[in-house]
Amino acid sequence: MKNNRLVFSLAMVAALPAFGGSVVYSGSGANIAGITGVVSLFQGDIGGGSVPGAAGSFGGVRREINWDAVPDAKSSPNSLNANFFNTNSPRGAVFSTPGTGFEVSAKTGNPTSTPTLFGNINPTYSSSFQTFSPQRLFTSIGSNVMDVSFFLAGTGTAATTSAFGSIFTDVDLASTTTIEFFSAAGSLGVFSAPTADRGLSFLGVRFDAGERISKVRITSGNAALSALNNDGGGVDVVAM
């Protein structure tokens, strides 16, 4: 097994002890400035510079997914292949979902004039969501649940990581947006992202007592992005 630390779209600045050997990094804010401190703290505690899009092992450096580098041909209204970040742009991450697939939002000036911020899925989302690093967002389609499994970047060799984090936008309801961490032996715990209505929320967990993460399960809100699901009234639609 290779040590393949990975951070998703890199969020109160705090690092709090939680389950066993875990340290939780949690924060929310109205905009980018509100979560930059805790994102930087998480990155610094993991250590090691990021290696973007390179296959192989680099001595345990962290891996970060930058949605903004996804080409137009793989962005809305087109789907993103589940192994894009292990084959097209190696990060050692492969996605799966009980839904129908994955989508990265369109950027301004895209060749198909697709609305940004998933306005192509539901026009109301353009006023609910914002980005941490302009201009992309990410979501599973047909489900609000997705798994991320880890591999030695660019290969089919299973790997583990000691830390994982993700930024979410428009988390309205407490305890609906979560990340569950799994080792080969089972669940290491479920952790909840903080709320930030129309803002940004960060949740990251680092395990420091020898635990190894082979997979994470991300639950974004309580409803999938859909033309039928407007945010509010007990419906919490969340993008990553």
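The following is a friendly conversation about a predicted model of a protein.

Reader: What makes up the protein, in terms of helices and strands?

Author: The protein has one helix and 13 strands. Along the sequence, the pattern reads β-β-β-α-β-β-β-β-β-β-β-β-β-β.

Reader: How do you know whether the radius of gyration agrees with that of a compact globule?

Author: We set one value against the other. A compact globule of 240 residues would have a radius of gyration near 18 Å, and the protein has 17 Å, so the two agree. If you prefer to picture a box, the C-alpha atoms fill one of roughly 45 × 35 × 30 Å along the principal axes.

Reader: What share of the residues counts as buried?

Author: Of the 240 residues, 52% count as buried. As for the outside, the accessible surface comes to about 9,100 Å², and 55% of this surface belongs to carbon and sulfur atoms.

Reader: How far apart are the mean positions of the positive and negative charges?

Author: They are 11 Å apart, taken over 13 positive and 14 negative charges.

Reader: Why is T178 called buried?

Author: Buried means under 20% relative accessible area. T178 has 12% relative accessibility, so T178 counts as buried. You can find T178 in strand 10. Leaving aside neighbours within four places in sequence, T178 is in contact with V190, F191, S192, R217, I218 and T219.

Reader: What makes strand 10 and strand 13 a pair?

Author: Two strands pair if there are at least two bridges between them. Strand 10, residues 178–183, is joined to strand 13 by five bridges, and the two run antiparallel. With five bridges against a cut-off of two, they therefore count as a pair. Within this pairing, E180 stands opposite R217 of strand 13.

Reader: Which residues of strand 8 and strand 13 are joined, and how many bridges are there?

Author: Strand 8 covers residues 145–150 and strand 13 covers residues 215–219; five bridges join them, again in the antiparallel sense. One place to look is V148, which stands opposite V216 in strand 13.

Reader: How do you know that both faces of strand 6 are covered?

Author: It helps to recall that side chains in a regular strand alternate between the two faces of the sheet. In strand 6, G101 and E103 lie on one side, F102 and V104 on the other, and all of them are buried. Strand 6 also pairs with strand 7 in the antiparallel sense, over four bridges. In that pairing, the bridge partner of E103 is T139 of strand 7.

Reader: Why is L41 called partly exposed?

Author: Partly exposed lies between the cut-offs of 20% and 50%. The relative accessible area of L41 is 29%, so L41 is partly exposed. L41 belongs to helix 1, residues 33–46. From L41 to Y25 the distance is 8.1 Å, C-alpha to C-alpha, and they are 16 residues apart in sequence.

Reader: Why does N230 count as partly exposed?

Author: The reasoning is like that for L41. N230 has a relative accessible area of 42%, so N230 is partly exposed. Look for N230 in the segment after strand 13. N230 and N122 are 108 residues apart along the chain, yet their C-alpha atoms are separated by 7.6 Å. Not counting residues up to four places away in sequence, N230 touches N122, T124 and V235.

Reader: What is said of the phi angles of F118 and D170?

Author: Phi of F118 is near 60 degrees, a positive value in a residue other than glycine. D170, also not a glycine, has a positive phi of about 65 degrees. F118 is placed in the loop between strand 6 and strand 7, whereas D170 is in strand 9, residues 163–171.

Reader: Why are F118 and D170 called buried?

Author: F118 has 0% relative accessibility, so F118 counts as buried. D170 is at 0% too, and therefore counts as buried.

Reader: Where are the cis peptide bonds that involve P77 and Q135?

Author: One joins S76 and P77, with omega about 10 degrees. P77 lies in the loop between strand 4 (63–64) and strand 5 (93–96). Another cis bond runs from P134 to Q135, with omega near 10 degrees. Q135 lies in the loop between strand 6 (101–104) and strand 7 (138–141).

Key: Residues numbered from 1 in each chain as written. Predicted model: local features only at pLDDT ≥ 70, side-chain atom pairs only at ≥ 80, totals over all residues. Heavy atoms only, no water. Rg over C-alpha atoms; globule rule 2.2 N^0.38 Å. Buried < 20%, exposed > 50% of the residue type's maximum accessible area, 1.4 Å probe, protein only. Areas by Shrake-Rupley, 256 points an atom, 1.4 Å probe, with all protein chains shown as cover. Lys, Arg positive; Asp, Glu negative; His and termini not counted. Charge placed at Lys NZ, Arg CZ, Asp CG, Glu CD. Contact = heavy atoms within 4.5 Å.
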